[in-house]
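Let's take a walk through this protein chain together. Have a look at the picture, and then we'll go from the overall layout down to a few single residues.

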Amino acid sequence: VRSHLVSTVYTQDHYLHDFFHHCQMIKSGSQATPGDLVKHLKCLHGVEIQVMIHFLPTILAQLFHILATMTKEEDVTINCLRVLIYIVAKCHEEGLDQYLR
């Protein structure tokens, strides 16, 4: 007997879903353009922080993976850092600092 575990992250937020989908395409070796990734990173600013909190470990893992692997793409790196700063600032504004520890 052989089993293959498949994990899925499902969110009803369109921007977050598209970001996760795009990250999965990158990991599977699909030729995604840096411009598309920048677009998805910018759209994360439109996701409510309460929605992000539910997926925070996954979002942070994806963002740090992007930072580590796409070092030659300045626009991607800058926008990735902007999203990280946005998440930290929004958590602080909403009094959700405990999720960042």
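## The overall layout

Start with the basics: the chain has five helices and zero strands. If you follow the chain from the N terminus, the order of elements reads α-α-α-α-α. Keep in mind that what you're looking at is a predicted model.

How big a box do the C-alpha atoms of the chain fill? Along the principal axes, that box comes to roughly 45 × 40 × 25 Å.

## How far to trust it

The predictor gives each residue a confidence score called pLDDT. Across the chain the average is 90, and 93% of the residues score at least 70. Which helix has the lowest confidence, and which the highest? Helix 1, covering residues 14-27, sits at the bottom with a mean of 92, while helix 5, covering residues 74-93, comes out on top at 96. As a rule of thumb, predicted coordinates shouldn't be read in detail where pLDDT is low.

## Inside and outside

The chain has 101 residues, and 33% of them count as buried. On the outside, about 6900 Å² is exposed, with carbon and sulfur atoms supplying 54% of that area.

Now for contacts. Take the ones between residues at least 6 apart in sequence: 67% of these join residues that are at least 24 apart. As for charges, the chain carries 8 positive and 10 negative ones, and the mean positions of the two groups lie 8 Å apart.

## One salt bridge

How many salt bridges does the structure hold? Just one. The partners are Glu 93 and Lys 90, whose side chains meet at 3.5 Å, N to O. That distance counts as a salt bridge because the nitrogen has to be within 4 Å of a carboxyl oxygen.

Both partners belong to helix 5, where Glu 93 and Lys 90 are three residues apart, or about one turn of the helix. Are these two buried or exposed? Glu 93 has a relative accessible area of 57%, so this residue is exposed. Lys 90 is at 23%, so Lys 90 counts as partly exposed; the partly exposed class lies between the cut-offs of 20% and 50%.

Here's one more thing to try on Glu 93: find His 21 in the model as well. These two are 72 residues apart along the chain, and their C-alpha atoms are separated by 28 Å.

## Two histidines to compare

Next, look for His 40, which has its place in helix 2 (residues 34-43). Is His 40 buried or exposed? With a relative accessible area of 12%, His 40 is buried, because anything under 20% falls in that class. Which residues does His 40 touch, leaving aside neighbours within four places in sequence? The contacts are Asp 18, Phe 19 and His 22. You can also check the spacing to Leu 84: His 40 and Leu 84 are 44 residues apart in sequence, and their C-alpha atoms are 14 Å apart in space.

His 14, for its part, is found in helix 1. This residue reaches 54% relative accessibility, so His 14 counts as exposed, because the cut-off for that label is over 50%. Finally, pick out Gly 46: His 14 and Gly 46 are 32 residues apart in sequence, with 9.8 Å between their C-alpha atoms in space.

Key
Residues are numbered from 1 along each chain as its sequence is written. This is a predicted model: local features need pLDDT of at least 70, side-chain atom pairs count only at pLDDT 80 or more; totals for chains, interfaces and linings use all residues. Side-chain values use heavy atoms; hydrogens and water are left out. Helices (H or I, at least four residues) and strands (E, at least two) are DSSP runs, numbered from the N terminus. Buried means under 20% relative accessible area, exposed over 50%, partly exposed in between (1.4 Å probe, protein chains only). Contact means heavy atoms within 4.5 Å. Accessible areas come from the Shrake-Rupley method with a 1.4 Å probe; for residues, only the protein chains shown count as cover. Lys and Arg count as positive and Asp and Glu as negative; His and the chain ends are not counted. The place of a charge is taken as NZ of Lys, CZ of Arg, CG of Asp or CD of Glu. pLDDT is the predictor's confidence in each residue, from 0 to 100.
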